[in-house]
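User: I'm new to this one and would like a quick tour. Can you take me through a few spots?

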Amino acid sequence: MKFQKTNDERKEYRDIRDSTRSQLKFVKNANEVIKSTTPEATTKIFNPEKVLVELPKKRFYRQRAHANIFSDKSAPYPVDPKEMDWSKLYPAYYDEGKKEMTKKVTIADIGCGYGGLLAELAPVFPKDLILGMEIRMQVTSYVEDRIIALRAQHSENDINKDKKHYQNISVLRGNAMKFMNNFFEKGQLEKIFFMFPDPCFKKKKFKARIISNTLLSEYAHCLKEGGIIYTITDVEDLHIWMRTHLEEHPLFERLDEEWEKNDPSCQIMFNATEEGQKVERNKGSKWTACFRRLPNPEII
């Protein structure tokens, strides 16, 4: 009976979330539409309006720890960055009169997981648009629901006061290893984060690692000169792999430990994610490496 109740809970909880997510994630003020879109719960286990305002519960989002990065069956992507409709992800920054965005995304968290870094960066960089990219479907849904709840809990008026408003963060399901340049223009990004990526321990799977010589050239295209790539992992072998590839690439130079200690983004990423917090609880080690995007070499 206990198992059956858990299944009933999951079904009702997911029904509430799934039936409203597609509408709520595209509105500027979620509170204005929650009451009109809130469905009736079938078994009355949950209060639907309360569910939509509270942060989502992870136990209702079942998802494998890793995904096949070479499979992108249903993840849509634009054929060109100019065709990307950012107004749906950041409705508060869309000018209805001019029919254009007032800002562009400048910070990207690749493989954002459950959105811990997004939530921490949002109030620190209130004037920047921050995007999380995640390939796993259920994890992406969780982050979308988390952002809906955070926006509902805070006033839209806080946007002009540089307070917590969470209108400046969003998430999309996408494969950055294959389609990064389909979303971002040349030199658009100022920061790119790679937080506790899949180590892909087996040698035959090294090609699936998020950092490689070829991919770094793709990231360099999207990153402005002087922009920063942030990496952190609890796997020393992966740290050495990422650090070595970045050091060998002609368009990146490593920043020293003193810079890392004084950079607010670097300090935030240390414990912002679930993975980072888990490593901390288990008294494990974390390895970080930050690299600055160098100017393109002059052609003589």
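Here are a few questions and answers about two helices and two loop residues.

Analyst: Quick note before we start: this is a predicted model, where local features need pLDDT of at least 70, side-chain atom pairs count only at pLDDT 80 or more, and totals for chains, interfaces and linings use all residues. Residues are numbered from 1 along each chain as its sequence is written, and side-chain values use heavy atoms, with hydrogens and water left out.

User: How are helix 6 and helix 7 oriented to each other?

Analyst: The axes of helix 6 (residues 176-183) and helix 7 (residues 213-222) come within 9 Å and cross at roughly 20°. Angles under 35 degrees count as roughly parallel. Helix 6 and helix 7 are therefore roughly parallel to each other.

User: Which residues in helix 7 does helix 6 meet?

Analyst: Contact here means heavy atoms within 4.5 Å. From helix 6 come Met-177, Met-180 and Asn-181, and what they meet in helix 7 is Leu-215, Glu-218, Tyr-219, His-221 and Cys-222.

User: Is Asp-198 buried or exposed?

Analyst: Asp-198 is found in the loop between strand 6 (189-195) and helix 7, and an unreviewed UniProt entry annotates it as "active site". Buried means under 20% relative accessible area, exposed over 50%, and partly exposed in between (1.4 Å probe, protein chains only). With a relative accessible area of 29%, Asp-198 is partly exposed.

User: Which residues is Gly-111 in contact with, leaving aside its neighbours within four places in sequence?

Analyst: Gly-111 lies in the loop between strand 3 (105-110) and helix 4 (116-124). Leaving those neighbours aside, its contacts are Met-133, Glu-134 and Met-195.

Conventions
Axes are lines fitted to C-alpha atoms, for helices over the stretch in contact, and angles run from 0 to 180 degrees between N-to-C directions. Helices (H or I, at least four residues) and strands (E, at least two) are DSSP runs, numbered from the N terminus. Angles under 35 degrees count as roughly parallel, over 145 as roughly antiparallel, 65 to 115 as roughly perpendicular and the rest as oblique. UniProt positions are given in the numbering used here, feature names are shortened, and annotations may be inferred rather than shown by experiment.
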